[in-house]
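Open the model in your viewer and keep the selection panel at hand. The stops below run from the ligand to a helix and then to the domains.

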Amino acid sequence: MGNKAELHYDGEVYELPVITGTENENALDISKLRGQSGLITLDRGFKNTGSCKSSITFLNGEEGILRYRGYSIEELAEKSTFLEVAFLLIYSELPTKEELDNFVNEISTHSLVHEDVKSILDGFPSKSHPMGVLSSLVSSLTAFYPKSLDPNRSKEEINGTIIRAIAKLPTLAAWSFKNRMRQPVIYPDNQLGYCENFIRMMFSLPTVAYEVNPVIADALDKLLILHADHEQNCSTSTVRIVGSSHASLYTSVSSGIAALWGPLHGGANQAVIEMLEEIKEDGGDIDKYVAKAKDKSDPFRLMGFGHRVYKNFDPRATIIKKAADDVLDELGINDPVLDIAKKLEKVALNDTYFKERGLYPNVDFYSGIIYRALGIPTDMFTVMFALGRLPGWIAQWKEMRENHEPIGRPRQVYTGSSARQYVSIENR
Ligand code: SDX
């Protein structure tokens, strides 16, 4: 729109272009700042820094808006399916029936992984956290599909790598869990839907017949939609920066899984349940834990509260909270931890400390309660987040490659020693 800003520095005036996004967000383009003025910017945690232009997902933190390719999360969660949302994120448009049928069929027929994955799995101790196993197994796909190492191959070959990633992640995730349980792995059944197949690989055993509960499969499909993308969050930025070195999709996704694992990010869903369990074991004293969260001398934080972007409410949390009620009702489960979560939310939302800082329940606050109701063990919660986030990581990696983004290499402000001479050890 031809907007610009002026920077007055050291007696000079520098003009910096201002670019405006589809939803009228404005950004100062500093691409030429250092060349013009010798200045760089410093922005710890990139709280005010955009890393790219993207047409995939739009967030408005003040109004609690989340859209994938322009479609609201509320509509997609209610009317779409996870694989349809994956298609939308990766290929930019909702698929026709024929396109979706082909996409689903492609994914179904690539769900099996190489038999040698079992040898890699056997190398992990049984107590291995499934996120560490999953990140390694995803990276190992480069060994079975060496052509995927070259991200500059044909569009068709790149698409084959994308299909394999989506098709095989549920199998690798379920096998990571079976390793944790020291149970035999269950092979995928191509006749089943995406979520049904995963649930069956997770919970069935070779010795007993297993029927997937459709309530659980539907709830999981909705949860995966809600986690599918979230613009430039920590793990997605990791996938982009690793991919910007022309590393393969599989290694970029493996890095994203590692970043997601942190308790301040995707690992929060496991930390929320552990926190709620601690409060329950401690007699359910909500006020004590809210006070701890506000006490600067106490490292305790209310896990599942707060967000870098959402300063009013996380629209996903609203949807998940209702889904938690519905799923527990439908499954006839009464989980005291859900009651503690609701009390905690009520107390915090009426407390000025949280209101002043825009700290509201985020996507992780209620998701663990549903996963638990679905019979998914706590240390698999973040694996569920990774399953959901995969299409977003893929879409963002693909956009970064198609836009020929340069390798990511931030600058710094050096605060160490000035030049000094080496001193021999006798004279130190
Ligand atoms: C996800 O980015 C994304 O989009 C992520 C995600 C996605 O879909 O990819 O939405 C998924 O990661 C959700 C967030 C999950 N994490 C948690 O629930 C962990 C608990 N929350 C926080 O640690 C924190 O809120 C973050 C990490 C989520 C956001 O941190 P910021 O933006 O860096 O904010 P901050 O740490 O600077 O906090 C601002 C103030 C500080 O207090 P003051 O210095 O102003 O006095 O708020 C306080 C913080 O101490 N604060 C909290 C708090 N979160 C922030 N105080 C108590 N409990 C909390 N949870």
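How many nonpolar, polar and charged residues does the shell around the ligand have? The shell has 10 nonpolar, 7 polar and 8 charged residues; Ala, Val, Leu, Ile, Met, Phe, Trp, Tyr, Cys and Pro count as nonpolar, Asp, Glu, Lys and Arg as charged, and the others, Gly among them, as polar.

This is a predicted model, in which local features need pLDDT of at least 70 and side-chain atom pairs count only at pLDDT 80 or more, while totals for chains, interfaces and linings use all residues. Residues are numbered from 1 along each chain as its sequence is written, and side-chain values use heavy atoms, with hydrogens and water left out.

**Ligand.** Select the 25 residues that surround the ligand (a heavy atom within 4 Å of it). The closest are His230, Arg301, His307, Arg308 and Arg316. Next, show the ligand's oxygen atoms: a polar side-chain atom of Arg308 lies 2.7 Å from one, and a polar side-chain atom of His265 lies 2.8 Å from an oxygen. At Gly304 the partner is a polar backbone atom, 2.8 Å from a ligand oxygen. The protein buries 80% of the 1100 Å² that the ligand exposes when taken alone (Shrake-Rupley method, 1.4 Å probe).

**Helix H9.** Select residues 214–226, the 13 residues of H9 (a DSSP run of H or I, at least four residues, numbered from the N terminus). At its start, a side-chain oxygen of Asn213 comes within 2.7 Å of the backbone nitrogen of Val215. Buried residues in H9 include Ile216, Leu220 and Leu224 (under 20% relative accessible area, 1.4 Å probe, protein chains only).

**Domains.** Finally, colour domain 1 (4–50) and domain 2 (106–401), whose bounds come from an automatic or database assignment. Their centres, taken over C-alpha atoms, are 36 Å apart.

Technical notes
Polar contact = N/O pair within 3.5 Å; in protein donor to acceptor, adjacent residues only side chain to side chain. Helix = DSSP H or I, 4+ residues; strand = E, 2+ residues; numbered from the N terminus. Expected span 1.5 Å × (residues − 1). Buried < 20%, exposed > 50% of the residue type's maximum accessible area, 1.4 Å probe, protein only.
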